[in-house]
Amino acid sequence: MKTNQVFVNPKTPEEYESVASRNGARNMGWKHERIPYNYREMAFAKEWERENKKSLILGGSILTELHRGPRESLLSEGTLLCEPTNRERCIVATIIQWLGSNVGFAWLERVLNNCGYTIVQIPRDQWNEEARKNYAKYERRKPDW
């Protein structure tokens, strides 16, 4: 396993811990190397990474803010009950990325249907700039298998 590489498939628990620590520090999932082959996974993963940078409004990342106790007022921060570890960040990022996979997206669609919602794909000519960029990256990197 290369120590400077981020996108590694670990084969032992020790390698997993190393990858989880490194990827978790960046709010990246364990199967991050799959991203070039699925534009939805790419979109989910990139948005999670972006949302978990330090927030000017909340003060911390989403994952950190979810671990705060009750606030005494709107201006107080509340007590940070625990700081998520890099391993925990990697696990959560992996789940978020999974939601963009075919299986995860089908699960998400099923859950939303059970709540009375549906997912409708917007025609490509109406996609926003981010969707076009994600899909263009995917198109260029289609696997040859």
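The chain of this predicted model has an average pLDDT of 78, and 79% of its residues score at least 70. Confidence varies along the sequence. Among the elements of the chain, helix H5 has the highest mean pLDDT, at 95, whereas helix H6 (residues 129–140) has the lowest, at 75. Over residues 1–7 the pLDDT stays under 50. For this stretch the model nevertheless contains 17 contacts beyond four places in sequence.

The secondary structure consists of six helices and zero strands, and the order of elements along the sequence is accordingly α-α-α-α-α-α. Of the 145 residues in the chain, 32% are buried. Among contacts with a separation of 6 or more, 48% join residues that lie 24 or more positions apart.

The packing of helix H2 against helix H4 was examined in detail. Two packed helices are described by the angle between their axes and by the distance between the axes. Helix H2 spans residues 39–51 and helix H4 spans residues 86–98; their axes come within 7 Å and cross at roughly 145°. The crossing of H2 with H4 is right-handed. On the H2 side the contact is made by Glu41, Phe44, Ala45 and Trp48, and on the H4 side by Val92, Ala93, Ile96 and Gln97. By residue class, this contact comprises six nonpolar residues, one polar residue and one charged residue.

Serine 101 is located in the loop between H4 and helix H5, the latter covering residues 102–114. The relative accessibility of serine 101 is 6%, so this residue counts as buried, the cut-off being under 20%. When residues up to four places away in sequence are not counted, serine 101 touches Arg34, Asn38, Arg40 and Glu41. Glu41 is thus a partner of serine 101 and is also one of the H2 residues in the contact with H4.

Cysteine residues were considered next. A search of the whole structure finds zero disulfides. Two cysteines were assessed for accessibility. Cysteine 82 has a relative accessibility of 35% and counts as partly exposed, because this value falls between the limits of 20% and 50%. Cysteine 115 has a relative accessible area of 53% and is therefore exposed, as the limit for that class is over 50%.

Definitions and conventions. Residues are numbered from 1 along each chain as its sequence is written. This is a predicted model: local features need pLDDT of at least 70, side-chain atom pairs count only at pLDDT 80 or more; totals for chains, interfaces and linings use all residues. Side-chain values use heavy atoms; hydrogens and water are left out. A disulfide is a pair of cysteine sulfur atoms within 2.5 Å. Buried means under 20% relative accessible area, exposed over 50%, partly exposed in between (1.4 Å probe, protein chains only). Axes are lines fitted to C-alpha atoms, for helices over the stretch in contact, and angles run from 0 to 180 degrees between N-to-C directions. Helices (H or I, at least four residues) and strands (E, at least two) are DSSP runs, numbered from the N terminus. A crossing is left-handed if the near helix is turned anticlockwise from the far one by less than a right angle, and right-handed if clockwise. Contact means heavy atoms within 4.5 Å. Ala, Val, Leu, Ile, Met, Phe, Trp, Tyr, Cys and Pro count as nonpolar, Asp, Glu, Lys and Arg as charged, and the others, Gly among them, as polar. pLDDT is the predictor's confidence in each residue, from 0 to 100.
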